[in-house]
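Please open the structure in your viewer and keep the sequence beside it, so that each selection can be followed in both.

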Amino acid sequence: MSARKKMADLPSRAALRQEQFLTILSREEALARFEAALFPRAVAVEHRRPGEALGLALAENVVVPVDVPPFDRANVDGFAVRSADIEEASEGNAVQLELNAETIACGVEPALPVRAGTATAIATGGPVPRGADAIVMVEHSEPLGSGAVEIRRSAFPGQFVSHAGSDMARGETVLRAGTVIGSREIGMLAACGVNSVAVATRPRVAVLSTGDELVQPGAPLGPAAIYDTNGAIVTAAVLENGGDAAFLGHVPDDEAKLERAMRDALAGHDMLILSGGTSKGAGDVTHRIVSQLGSPGIIAHGVALKPGKPLCLAVCDGKPVVILPGFPTSAMFTFHDLIVPVLRRLAGLPPRPDTAVEAHLPLRIASELGRTEFVMVSLVAGGDGLVAYPTGKGSGAITSFAQADGFIRIEALADHLPAGSAVEVRLFSREVRVPDLVVIGSNCLGLDRILEPLARDGFSARVISVGSLGGLAAARRGECDLAPIHLLDEKTGRYNAPFLAPGLELVPGWRRLQGIVHRAGDARFEGLEARAAVLAGLADPDCLMVNRNQGSGTRILIDSLLGAARPDGYFNQPRSHSAVAAAVAGRRADWGVTIEPVARAAGLGFIPLADEHFDFALVTSRKDRPAVSAFLAALSSDECRKALEEAGFRPA
Ligand code: AMP
Ligand code: MG
């Protein structure tokens with residue numbers, strides 16, 4: 001089937017699966033319809049004192065009512081002179097001037113003119129008297145005591161004088177509508193005496209989370225509950241984009257309660273943003289409520305975006321109502337991509353500047369046909385230009401958003417981007433912040449202990465977890481400074497060193513005990529040594545294992561333990577030591593392989609298996625970089641060795 005055909009099929013197929021996605025719109029179409037339903041509209045304007053307008057957008061241009069400075073002003077302490085009188089003055093040829101009988105301090109209006117052959121003492125900030133056209137610094141003069149002064153340097157006309165209106169001239173437009181008021185703008189307004197400005201009133205935005213599973217931060221988590229992430233993040237992002245956000249908490253998935261909460265929120269606010277509850281098919285209620293809140297109602301429900309397909313956009317009696325997808329990353333993407341432009345317009349702010357940089361992909365990225373896909377990436381400096389590593393942990397991962405520098409867009413008609421592709425990265429910030437230290441490879445809790453002192457010394461570090469083998473590949477391509485690895489060479493029985501390519505050197509890290517974890521008291525495993533424990537697991541048909549992802553050092557260990565056996569649970573392959581412990585502790589599995597500190601923290605039984613060497617492949621050519629030296633120093637410092645030991649690792 002051609003890609004085009006697939007696209008055309010999408011709405012009907014989606015409609016079959018989920019009744020509410022009657023029409024799936026493209027991102028552009030959805031945004032255009034949403035904007036057309038909301039604009040043009042007058043921005044609400046209020047007048048405020050500049051100090052109380054911090055962060056607001058000016059609704060009108062500011063025209064300067066007075067000259068700044070208001071008079072010709074001296075910029076140094078010294079003497080106001082006629083430059084023509086001292087044209088010939090030098091160290092060897094002092095010119096004598098008669099002193100006028102006044103001293104001009106700040107705030108003192110001059111009474112006497114500076115006539116030819118005279119000078120007037122003047123302080124920084126004083127008004128330049130009539131007749132004078134330059135100031136000579138006091139350092140280049142010598143008092144003569146008898147009402148005269150000797151000048152030892154010539155001056156050009158206008159020297160050390162700020163002319164009236166040279167900073168801001170009366171009638172000039174100094175600040176334009178749409179400018180966000182910060183401390184610098186407040187300073188300009190004060191300098192020209194303005195104490196009231198017209199600013200756009202912040203739209204009052206109500207934020208609600210939905211879901212029976214949600215708990216607010218600070219409260220204990222029950223079984224199967226999660227913390228409400230969207231509430232906090234949407235509230236902050238609304239504030240960042242000119243809205244006056246009010247977080248109203250979370251509402252359970254109960255139609256009556258939800259409707260009450262939504263009606264109350266709309267009554268007191270100009271806009272409502274919800275998250276969750278749009279992707280559940282038959283159980284979904286929010287869109288039904290939205291369609292009864294006012295006209296024209298739902299503008300778009302279902303947008304061809306990944307992440308973010310279930311987004312719902314509505315306008316209810318002039319007020320925008322948005323239901324963001326539940327997954328935090330999807331919620332943030334759709335918020336930034338489709339809601340921020342509208343919110344900023346409502347707040348009188350200019351569009352957010354988008355900065356993009358060119359980079360290339362270190363690996364292939366698969367993509368779904370028929371949806372514009374956004375992939376968040378971390379940028380590192382490679383051999384030739386920037387390299388964009390996907391931060392992908394799935395659409396539920398909040399860290400993908402927090403740790404990313406920007407995102408790339410994969411067009412709806414592409415099913416993948418090959419490794420090495422040149423991509424455009426749209427940045428979350430105005431400029432690229434390439435970290436001082438880049439660590440790509442296997443991750444270990446011990447690493448945090450080494451990075452701590454670096455952060456204290458102001459080095460920024462980026463850790464990208466791609467497993468030992470991925471780290472070695474990145475190190476060979478020169479994309480990182482260090483690749484943490486823990487790889488056992490079966491032939492030699494040696495760790496790590498046999499895997500180094502030319503240009504890489506081994507820096508010993510620490511030892512950590514890998515072992516089999518089981519729930520304490522599980523009679524199948526208690527008291528056995530590792531190989532016997534695995535056999536015991538294999539012998540019990542009800543026993544479930546949890547594996548690790550391909551490419552991880554732990555997986556190699558597991559595969560060598562299992563040989564050809566593929567027990568139940570083998571295909572459950574999480575990406576971290578912690579996930580293995582959580583699976584066993586939460587009874588999703590009965591045994592797995594993880595490291596001792598993680599097993600102890602989870603309160604699990606632990607059967608030692610291998611004393612693993614967690615070391616670093618250092619890119620020799622990057623050894624002398626300051627952040628790398630700092631890392632190496634930290635690694636061998638007493639402070640870090642002690643911290644590692646306390647965390648359950650044994651420094652090499
Ligand atoms: P839903 O659209 O309500 O089915 O939610 C989709 C996924 O997002 C589920 O895993 C929810 O638990 C999760 N989710 C929904 N709302 C939030 C929230 N406010 N914070 C964190 N996760 C959420
Ligand atoms: Mg939900």
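The tour below goes from the domains to single strands, then to a sheet and a helix.

Before selecting anything, bear in mind that this is a predicted model. Begin by colouring the chain by its domain assignment, which gives domain 1 (23-40 + 202-346), domain 2 (45-67 + 167-200), domain 3 (73-162), domain 4 (356-427) and domain 5 (438-652). With domain 2 and domain 5 both shown, note that their centres, taken over C-alpha atoms, are separated by 57 Å.

Next, select strand β5, residues 95-104, together with strand β9, residues 148-151, and you will see an antiparallel pair held over four bridges, in which Val95 stands opposite Ile151 of β9. Keep β5 selected and add strand β6, residues 118-122, which runs parallel to β5 and is joined to it by four bridges; here Glu98 has Thr118 of β6 as its bridge partner.

Now turn to an open sheet of six strands with mixed pairing, and trace its order as β16-β13-β17-β21-β20-β18. Because β16 (244-251) and β18 (296-301) stand at the edges with a single partner strand each, one side of each is left without a neighbour in the sheet. On average, neighbouring strands of this sheet are turned by 15° against each other, direction ignored.

At the β18 edge, select strand β20, residues 312-316, which runs antiparallel to β18 and is joined to it by five bridges, with Gly297 opposite Val315 of β20. Finally, add helix α7, residues 328-346, which lies across β13 (204-210), β17 (271-275), β20 and β21 (319-324), and runs at about 170° to β21.

Technical notes
Residues numbered from 1 in each chain as written. Chains lettered and ligands numbered in written order. Predicted model: local features only at pLDDT ≥ 70, side-chain atom pairs only at ≥ 80, totals over all residues. Heavy atoms only, no water. Domains from an automatic or database assignment. Pairing = 2+ DSSP bridges. Helix = DSSP H or I, 4+ residues; strand = E, 2+ residues; numbered from the N terminus. Axes fitted to C-alpha atoms, helices over the stretch in contact; angles between N-to-C directions. Contact = heavy atoms within 4.5 Å.
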